[in-house]
Amino acid sequence: MTSDEVLAEFRSAGALLEGHFVLSSGLHSAVFLQKMAIFTDPVRTARVCAALAERIADRYGAVDYVVSPAVGGIVPGYETARALGARAIFVERDPGGPFALRRGFRIPAGARAVMVEDIVTTGLSSRECLAALATEPGAVVGAACLIDRSGGRADLGLPLVALVTLDIPNYPPDQLPPELAAIPAVKPGSRALPAA
Ligand SMILES: O=P(O)(O)OC[C@H]1O[C@H](OP(=O)(O)OP(=O)(O)O)[C@H](O)[C@@H]1O
Ligand SMILES: O=C(O)c1cc(=O)[nH]c(=O)[nH]1
Ligand SMILES: [Mg+2]
């Protein structure tokens, strides 16, 4: 699947939103990729995740586990794992706390795992997910995401494979361009941020 074909999936699902958004990192943006508009359609999700699985297999070889950060990573992690013939597990947090593997999830010794994110903006959530896996006996060999909106600049400390790389501007809250400052902001994600 080419970048244009993946973006066409996002567009036709209504997942490319314009407005004023507060992102997980606390940065603001005029663009939001509402991945849930993709993930509510299992057929579309399977198409996109099969393409991601192909990239993962090409880059990292055989994979036993896909690990994803909740909430947004759970559905693409599961579907990508299915395409790879791997197990799907996820990290989650108590509100405001760090990510952790719960529910008996483990990466056993000898297993090869890949972290699958939905969207990478600053890479913060991916790094927090990887930190939660650092003491697992198995190896996390790389990372992957559907869309890297950092222009390829997010540093996860591991290789990152993206189906699409975009370079979308983000702004600290005190440096908003006037056209953004004029619109009330919404925060779609699940990370708890301090009240503005
Ligand atoms: O690269 P980053 O700057 O961390 O931004 C990307 C993260 O933001 C979103 O998650 P969010 O915390 O908004 O919650 P969600 O997964 O519940 O949507 C998205 O799912 C990524 O995990
Ligand atoms: O950075 C984020 O929080 C983020 C950006 C985006 O486009 N989509 C998303 O789900 N999260
Ligand atoms: Mg997320």
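Trainee: Hi! Quick one to start: how many disulfides does a search of the whole structure find?

Mentor: Zero disulfides turn up when the whole structure is searched. Keep in mind that this is a predicted model.

Trainee: Why is Cys-49 not bonded to the closest cysteine sulfur?

Mentor: Because of distance: the closest cysteine sulfur to that of Cys-49 belongs to Cys-145 and is 12 Å away, too far for a bond. A disulfide here needs the two sulfur atoms within 2.5 Å. From the other side, Cys-145 is in no disulfide either, with the sulfur of Cys-49 as its nearest cysteine sulfur.

Trainee: And is Cys-49 buried or exposed? What about Cys-145, buried or exposed?

Mentor: Cys-49 counts as buried, with 1% relative accessibility. Cys-145 is buried as well, and its relative accessible area is 0%.

Trainee: OK, changing topic to the sheet. What is the order of its strands?

Mentor: The order is β5-β4-β3-β6-β7-β8. This is an open sheet of six strands, and the pairing is mixed. At the edges sit β5, residues 99-101, and β8, residues 160-165, each of which pairs on one side only. Ignoring direction, neighbouring strands are turned by 25° against each other on average.

Trainee: Which helix packs on that sheet?

Mentor: Helix α3, residues 42-60, packs on it and touches β6, β7 and β8. The direction of α3 makes about 140° with the direction of β8.

Trainee: Let's zoom in on β6 and β7. In which sense do they pair?

Mentor: Strand β6 covers residues 112-120 and strand β7 covers residues 139-148; they pair in the parallel sense, over eight bridges. For a couple of landmarks, Met-115 stands opposite Ala-143 in β7, and Val-120 has Asp-148 of β7 as its bridge partner.

Trainee: How many of the residues of β7 are buried?

Mentor: Seven of its 10 residues are buried, so β7 is largely enclosed by the rest of the structure.

Trainee: Nice. Now the annotations: which residues does UniProt list for "binding site" around Glu-117?

Mentor: An unreviewed UniProt entry lists Glu-117, Asp-118, Ile-119, Val-120, Thr-121, Thr-122, Gly-123, Leu-124 and Ser-125 under that feature. From this set, the lining of the largest pocket includes Glu-117, Asp-118, Ile-119, Val-120, Thr-121, Thr-122, Gly-123, Leu-124 and Ser-125.

Trainee: Start with Glu-117. Where does it lie, and what does it touch?

Mentor: Glu-117 lies in strand β6. Not counting residues up to four places away in sequence, Glu-117 touches Pro-69, Ser-125, Ser-126, Ala-144, Cys-145 and Leu-146. So Cys-145 from our earlier chat is among the contacts of Glu-117. At 5% relative accessibility, under the 20% cut-off, Glu-117 counts as buried.

Trainee: And Ile-119, buried or exposed?

Mentor: Buried, because its relative accessibility is 14% and the cut-off is 20%. Ile-119 is also found in strand β6. Its contacts, leaving aside neighbours within four places in sequence, are Phe-10, Leu-33, Lys-35, Ile-147 and Arg-149.

Trainee: You mentioned Ser-126. Where does that one lie?

Mentor: In helix α5, which spans residues 124-133. Ser-126 counts as buried at 1% relative accessibility. Beyond four places in sequence, Ser-126 touches Met-115, Glu-117, Val-120 and Leu-156.

Trainee: How many Å apart in space are Ser-126 and Arg-112?

Mentor: They are 17 Å apart, C-alpha to C-alpha, and 14 residues apart in sequence.

Trainee: Last topic: at which residues does UniProt place "binding site" along with Thr-121?

Mentor: In that unreviewed entry, the feature is placed at Thr-121 and Arg-149. They are spread over 29 residues of sequence, yet they cluster in space, with a largest C-alpha distance of 5.2 Å. The lining of the largest pocket takes in Thr-121 and Arg-149.

Trainee: Where is the place of each, Thr-121 and Arg-149?

Mentor: Thr-121 is in the loop between β6 and α5, while Arg-149 is in the loop between β7 and β8. Arg-149 is buried, with a relative accessible area of 2%. Apart from neighbours within four places in sequence, Thr-121 is in contact with Leu-23, Arg-149, Ser-150, Ala-154 and Asn-170.

Trainee: Great, thanks!

Key:
Residues are numbered from 1 along each chain as its sequence is written. Chains are lettered from A and ligands numbered from 1 in the order in which they are written. This is a predicted model: local features need pLDDT of at least 70, side-chain atom pairs count only at pLDDT 80 or more; totals for chains, interfaces and linings use all residues. Side-chain values use heavy atoms; hydrogens and water are left out. Two strands pair if DSSP finds at least two bridges between them. Helices (H or I, at least four residues) and strands (E, at least two) are DSSP runs, numbered from the N terminus. Axes are lines fitted to C-alpha atoms, for helices over the stretch in contact, and angles run from 0 to 180 degrees between N-to-C directions. Contact means heavy atoms within 4.5 Å. UniProt positions are given in the numbering used here, feature names are shortened, and annotations may be inferred rather than shown by experiment. On a 1 Å grid over the protein atoms alone, a cavity is a set of points where a 1.4 Å probe fits but cannot get out, and a pocket is an open set with protein on both sides within 12 Å along at least five of seven lines; lining residues have an atom within 4 Å of a point. Buried means under 20% relative accessible area, exposed over 50%, partly exposed in between (1.4 Å probe, protein chains only).
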